[in-house]
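Got the viewer open? Let's take a walk through this one, one selection at a time.

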Amino acid sequence: MKIVTYNVNGLRPRISQFGSLLKFLSSLDADIICVQETKLSRHELTADVVMADGYESFFSCTRTNSKGRVGYSGVATFCRVKSAFSSTEVALPIAAEEGFTGLLEKSGGFGTGKDEIPVKAEGLEEFAKDELLKVDSEGRCIITDHGHFVLFNIYGPRADSEDTERIQFKHTFFQILQKRWETLQQQGRRIFVVGDLNIAPAAIDRCDAGPDFEKNEFRRWFRSMLVECGGPFFDVFRAKHPDRREAYTCWSSSTGAEEFNYGSRIDHILSSGSCLHQDHCLQDRIFVTCHVKECDILTQFKRWKPGNKPRWKGGRSIKLEGSDHAPVFMSLMDIPDVAQHSTPSLSARYVPTVHGFQQTIASVLMKRQKAEQVKTFEVSSSFSDENITTRSCSEILKRSSQDCCISDLPSGDFLSSSNLQSEGVIPRLDGPSICSISDSSNRIMTASIIRQTKSTPGTVTKKKARQSQCSQLSLKSFFQKSSNVKDGVDNAAADASLDQADESKSNQNPNKTSMGDDESKSSKMVELDVSASNQEQGVVISGSSPQRDKNDIALVEWQRIQQLMQNSIPLCKGHGEPCVSRVAKKPGPNHGRRFYVCARAEGPASNPETNCGYFKWAASKSGQSLTVLAERI
């Protein structure tokens with residue numbers, strides 16, 4: 001049997017990386033796969049992310065949106081089995097539980113009864129209910145009972161040194177978890193604890209362990225749980241590789257530390273309990289020595305591999321695919337089968353978003369009632385549609401013409417069908433083509449269908465022209481890339497202003513005929529529309545190309561700005577290379593300030609190819625540059 005723990009840094013990205021959930025799980029080639037930081041909320045548990053042929057899965061998701069975060073954290077356990085029912089395989093759990101307090105709703109499974117009231121897990125009676133729910137609501141634990149052992153899949157909380165609230169949360173989290181372990185150990189159960197605990201137990205497990213490294217309270221607690229310090233658990237990796245150095249499982253993605261293997265070992269497999277042998281003379285033998293064949297880090301899953309082009313020497317444009325953690329595996333031997341059993345009700349196959357919601361009699365009747373209402377509505381709508389279609393186009397034209405005004409008529413006179421016919425705007429509706437418009441009318445309709453009404457001096461009446469079904473498009477609309485309401489209003493305003501200008505000219509030249517006046521309007525409108533469309537499309541009719549010159553000037557200016565920016569970027573002292581700029585995000589007086597650092601990846605000080613430690617503020621508060629060169633130790 002093989003067990004793997006892996007912080008995937010988002011389950012969906014890993015599925016996308018490998019092509020499917022099944023391909024991702026197959027790449028790990030393990031019987032039990034425990035993943036952390038799935039970053040899935042409960043409504044995102046769909047079949048494509050929880051179901052894979054040959055696997056049973058169990059999920060715990062975040063139930064809170066603390067600090068505005070939704071869908072963070074989360075753990076999942078995948079078990080490779082031949083059958084989910086009537087199986088004797090150890091990989092298939094006998095029981096499963098979400099969380100570790102017993103208080104989460106449906107923590108025991110999706111098939112439990114509605115009236116079942118969650119109760120505190122045994123041994124946690126001293127803790128308040130609210131306190132237990134708080135630490136158990138971030139989706140950080142799945143417990144699966146495999147008969148021979150109980151498996152805890154844990155994603156330990158992270159706490160910055162200055163965040164007192166999260167420090168207290170982390171302290172309570174591990175305190176309650178320890179109580180749960182002690183209760184199971186008193187019952188004689190074997191326990192495996194796997195996952196990202198966010199704790200490096202010793203200086204050998206950290207790249208930059210300082211003199212105060214061992215003083216951390218969570219590190220002291222972790223070590224107190226280990227056998228060498230009187231605790232019940234074996235650190236399985238260190239039991240197999242007690243002196244291996246630079247054996248890290250996590251690297252900072254913000255500094256590129258993975259390139260020089262500058263990280264920490266915070267992903268663990270812990271084991272507690274005796275071996276499975278029935279011989280009484282061997283009762284003092286432990287599980288690790290009898291049944292653990294190997295435990296190691298799957299370094300082939302690291303994002304940065306030897307031979308890759310250094311991404312931090314030239315910048316951060318190259319994106320490495322994969323998680324910032326590496327999986328850890330443990331292979332077991334001589335593990336006998338268990339009694340026949342089926343998959344627990346917490347299995348993802350029973351999640352409502354995958355299995356489906358059970359329908360009640362009331363829901364079925366409600367759907368039938370809604371269907372009858374829709375059918376009745378469709379019948380009534382068909383009658384109303386018949387009434388609508390009986391309307392003739394002449395009625396629509398009559399209604400639209402009443403909404404339009406013509407400047408040649410006195411104020412208050414509206415266009416009617418008879419008026420338009422007498423003016424020669426539209427033909428008489430004698431033939432079958434009642435909506436046709438003559439060619440001579442097109443020129444007049446373009447200029448006059450949308451117009452402001454004139455009134456006596458000192459009184460101006462403005463009306464918005466409403467476009468009807470049979471209204472004529474202007475010439476300008478055919479040259480535009482796209483039409484919208486705003487363009488229509490602008491066209492109308494331009495047509496109206498042009499008409500007013502033409503009328504003032506016609507008053508100055510009364511000898512011109514009315515037909516000549518109309519032809520003058522049409523020709524000027526064509527000139528205006530063509531000119532406007534050419535401006536919009538960037539067409540230059542003349543021999544010169546001012547637009548091209550303008551683009552060339554902009555390009556030269558942008559190159560000059562880039563050169564100035566390049567000259568303003570300082571060079572690091574260690575390598576003489578351009579630095580990269582960053583912004584301070586830590587709360588305090590310097591929050592939001594920009595600074596420059598060496599562009600190379602973080603690594604050991606003994607390697608001259610790594611980050612030299614150069615640091616410089618972009619500008620101090622007084623406007624002067626402040627340069628600080630970090631001493632390399």
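What follows is a short list of stops, with what to select at each.

**Colour by confidence.** Keep in mind that this is a predicted model. Averaged over the protein chain, pLDDT comes to 75, and 61% of the residues reach at least 70. Now select 396–470: pLDDT stays under 50 there, although the model has 81 contacts beyond four places in sequence for this stretch. Do likewise with 482–543, another stretch where pLDDT stays under 50, with 46 such contacts beyond four places in sequence.

**The sheet.** Switch to cartoon and pick out six strands, which form an open sheet ordered β3-β4-β2-β1-β14-β13, with mixed pairing. Where are the edges? Select 55–60 for β3 and 292–297 for β13: these are the edge strands, and each pairs on one side only. Ignoring direction, neighbouring strands of this sheet are turned by 10° against each other on average.

**Inside the sheet: β2 and β4.** Select 32–36 (strand β2) together with 75–80 (strand β4). The two run antiparallel and are joined by five bridges. Show side chains for Ile33, and opposite it you'll find Phe78 in β4.

**The helix on the sheet.** Add residues 21–28, which are helix α2. α2 packs on the sheet, and it touches β1 (2–7), β2, β3 and β4. Look down β1 and compare directions: that of α2 makes about 120° with that of β1.

**A salt bridge nearby in the selection list.** Stay with β4 and show Asp31 and Arg80. They form a salt bridge, with the closest N and O atoms 3.3 Å apart. What does this pair tie together? Asp31 sits in the loop between α2 and β2, while Arg80 is in strand β4, so the salt bridge links parts that are 49 residues apart in sequence. If you'd like to hunt for others, the count for the model comes to 23 salt bridges.

**A helix pair.** Finally, select 164–186 (helix α5) and 217–224 (helix α6). They pack at an angle of about 10°, and their axes are 11 Å apart. Angles under 35 degrees count as roughly parallel, so α5 is roughly parallel to α6. Which residues make the contact? On the α5 side, show Ile167, Lys170, His171, Phe174, Gln178 and Trp181; on the α6 side, Glu217, Phe218 and Trp221. Colour them by class and you get five nonpolar, two polar and two charged residues in the contact of α5 with α6.

Conventions: Residues are numbered from 1 along each chain as its sequence is written. This is a predicted model: local features need pLDDT of at least 70, side-chain atom pairs count only at pLDDT 80 or more; totals for chains, interfaces and linings use all residues. Side-chain values use heavy atoms; hydrogens and water are left out. Two strands pair if DSSP finds at least two bridges between them. Helices (H or I, at least four residues) and strands (E, at least two) are DSSP runs, numbered from the N terminus. Axes are lines fitted to C-alpha atoms, for helices over the stretch in contact, and angles run from 0 to 180 degrees between N-to-C directions. Contact means heavy atoms within 4.5 Å. pLDDT is the predictor's confidence in each residue, from 0 to 100. Angles under 35 degrees count as roughly parallel, over 145 as roughly antiparallel, 65 to 115 as roughly perpendicular and the rest as oblique. Ala, Val, Leu, Ile, Met, Phe, Trp, Tyr, Cys and Pro count as nonpolar, Asp, Glu, Lys and Arg as charged, and the others, Gly among them, as polar. A salt bridge is a side-chain nitrogen of Lys or Arg within 4 Å of a carboxyl oxygen of Asp or Glu.
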